[in-house]
Amino acid sequence: MSMIRTFIALPIPDAVKATLETAVTSLKAKNRGVRWVKPEGLHITLKFLGDIPEDTVAPLSADLDGAAGESRPLSLSLSGFGAFPGVRRPRVVWVGLGGDIAELVTLSRAIDRVCGKYGIAQEGRPFSGHITLGRLKTPSMVDLDIGQVTGMFMASEVLLYRSVLSPGGAQYTVLHRSSLGG
């Protein structure tokens with residue numbers, strides 16, 4: 001039984017990726033020791049599944065279609081930079097989201113429930129919608145003061161991705177697309 005590393009996410013339009021690429025260029029100039037995500041790797045993670053048996057992809061995809069069908073396309077916007085767990089000892093640098101956040105949380109919970117059917121652990125902490133921009137192996141203070149970033153977009157599908165880790169960074173492949181609103 002072959003296992004594959006997977007996650008579920010909302011894709012980000014190219015125009016928004018371009019905006020974020022410009023922001024990351026400014027952040028790079030101010031911050032050392034951050035591994036920045038390449039533009040093609042930017043997305044809004046709804047659920048990290050880890051390693052799942054390859055034969056669960058088909059039934060999981062069908063269930064994701066159902067969960068996505070009960071939502072509707074979401075209007076989202078970029079909203080400020082931050083870091084987890086905080087800017088003093090960050091592990092992750094992110095940009096936040098505004099717009100249909102309550103609906104985004106509801107969608108993430110529905111997806112969490114679907115994944116529970118496949119023995120994937122439910123999330124312990126509340127969902128916080130964000131786009132990861134960079135990661136730090138060694139936490140050191142970050143300076144995120146580069147002014148505002150703006151961008152609005154519609155999220156209209158949920159994607160199931162395969163993630164293959166390589167020395168040059170993770171490679172993502174779309175395994176399935178589910179339309180929001182069916």
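In what order do the 4 strands of the open sheet lie? The order is E3-E1-E8-E9, with antiparallel pairing, where two strands count as paired if DSSP finds at least two bridges between them. The edge strands are E3 and E9 (171-179), each of which pairs on one side only, and the twist averages 25 degrees from one strand to the next. E1 and E3 pair in the antiparallel sense over 9 bridges, and isoleucine 4 has isoleucine 52 in E3 as its bridge partner.

This is a predicted model, in which local features need pLDDT of at least 70 and side-chain atom pairs count only at pLDDT 80 or more, while totals for chains, interfaces and linings use all residues. Residues are numbered from 1 along each chain as its sequence is written, and side-chain values use heavy atoms, with hydrogens and water left out.

Helices (H or I, at least four residues) and strands (E, at least two) are DSSP runs, numbered from the N terminus. Two helices are set against strands below, with contact meaning heavy atoms within 4.5 Å and angles, from 0 to 180 degrees, taken between N-to-C directions of axes fitted to C-alpha atoms, for helices over the stretch in contact.

| Helix | Strands | Angle |
|---|---|---|
| H2 | touches E1, E3, E8 and E9 | about 50 degrees with E9 |
| H3 | lies across E1, E3 and E8 | about 5 degrees to E3 |

The buried residues of H3 (under 20% relative accessible area, 1.4 Å probe, protein chains only) include Leu104, Leu107, Ile111 and Asp112, and what covers the buried residues of H3 includes helix H2 (57-69) and strand E4 (74-84).

Note on methods:
Buried < 20%, exposed > 50% of the residue type's maximum accessible area, 1.4 Å probe, protein only.
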